Amino acid sequence: MIPGRFQSVVEMAYEFIAGLIRDNAGKEGLRFFPLIFTLFMFILMGNMLGLIPTGFTFTSHIIVTFAMALTVWLLITILGFVIHGAHFLHFFVPSGAPKAMLPLLVPIEILSYCVRPISLSVRLFVNMMAGHTMLKVFAGFITALGIFGFAPLAVTVALFGFEIAVAFLQAYIFTVLTCIYLHDAIHMH
Amino acid sequence: MDLAAAKMIGAGLATIALFGVGIGIGNIFATLIATVGRNPSVQQRVFPFAIIGFALVEAVALFALLIAFLILFT
């Protein structure tokens, strides 16, 4: 059975995400394939739909990205405790650190762990908001300059292509970081 | 000093962070070019890491932009 075009695209997406999870979270991470695939497609479509003229980018609202990042982070923390029990707290003690440095290192490790949902959500939110705002600003210059409007037009076209690349990239980055955090929770080092 | 004036100055100061971001992005792609120059067969494997690194450094730039907007508009 040779896959038709639509089937091929769906299979490529499946293989892409499955390869991503296998590389970054290991074979046990494949249990979470539905979540990671949904996350990737949701963010990708959210980013891309805003690029259609008069479209709305729902990922450019902090509450949407924060809800996703918080869900992912809570899932991974609870998963770590479920799999490893109280031993999961050893995750914050980097191996090979001298004992005298621990009172300094452990709070820093805990703080950098708790910053993860904030950094995940703000990265996606600001990329989308700033990118689309820049597009609107340059597009506004086109009519404002009159006869010389071809310069902002060229910049807007280039920026539009760049924004499409950023849409893919940000969805990929969110998903890859989720897989890496999953690897931390499952394998703990 | 006027609150609106102080907000403008604060937002301008917040963009000083982009100095470090420029260095970071230049560093990533300089290393990428040097690595591919030494060993062209490794390009397929190294390029995804370069793109991930670029996106993470870009995120820091946008954190600074977020602070500037927060100062300006709230």
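User: Which residues of α3(A) are buried, and what makes them count as buried?

Analyst: In this predicted model, the buried residues of α3(A) are A:Thr65, A:Met68, A:Ala69, A:Val72, A:Ile76 and A:Gly80. A residue is called buried if 20 or more other C-beta atoms, placed from the backbone, lie within 10 Å of its own, exposed if 12 or fewer do, and partly exposed in between. The buried residues of α3(A) pack against α2, α5 and α6 of chain A, where a contact requires C-beta atoms within 7 Å. Residues are numbered from 1 along each chain as its sequence is written, while chains are lettered from A in the order in which they are written. Local features need pLDDT of at least 70, side-chain atom pairs count only at pLDDT 80 or more, and totals for chains, interfaces and linings use all residues.

User: How do you know that the length of α3(A) agrees with its number of residues?

Analyst: The expected span is 1.5 Å times one less than the number of residues; for the 23 residues of α3(A) this gives 33 Å, and because the end C-alpha atoms are 32 Å apart, the two values agree. Just after α3(A), A:Gly85 takes a positive phi of about 70°.

User: What makes chain B an α-α-α chain?

Analyst: Chain B has three helices and zero strands, and read along the sequence these give the pattern α-α-α. Helices (H or I, at least four residues) and strands (E, at least two) are DSSP runs, numbered from the N terminus.

User: Why is chain B called more spread out than a compact globule?

Analyst: The globule rule, 2.2 Å times the number of residues to the power 0.38, gives 11 Å for 74 residues, whereas the radius of gyration of chain B is 18 Å, so chain B is more spread out than a compact globule. Along the principal axes, the C-alpha atoms of chain B fill a box of roughly 60 × 15 × 5 Å, and buried residues make up 5% of its 74 residues.

User: Which class of residue does chain B turn towards chain A?

Analyst: Eight residues of chain B are in contact with eight residues of chain A, and on the chain B side eight are nonpolar, with no polar and no charged residues. Ala, Val, Leu, Ile, Met, Phe, Trp, Tyr, Cys and Pro count as nonpolar, Asp, Glu, Lys and Arg as charged, and the others, Gly among them, as polar.

User: How confident is the predictor in chain B?

Analyst: On the pLDDT scale, from 0 to 100, chain B averages 92, and 100% of the residues score at least 70.

Notes
Two residues are in contact if their C-beta atoms, placed from the backbone, lie within 7 Å.
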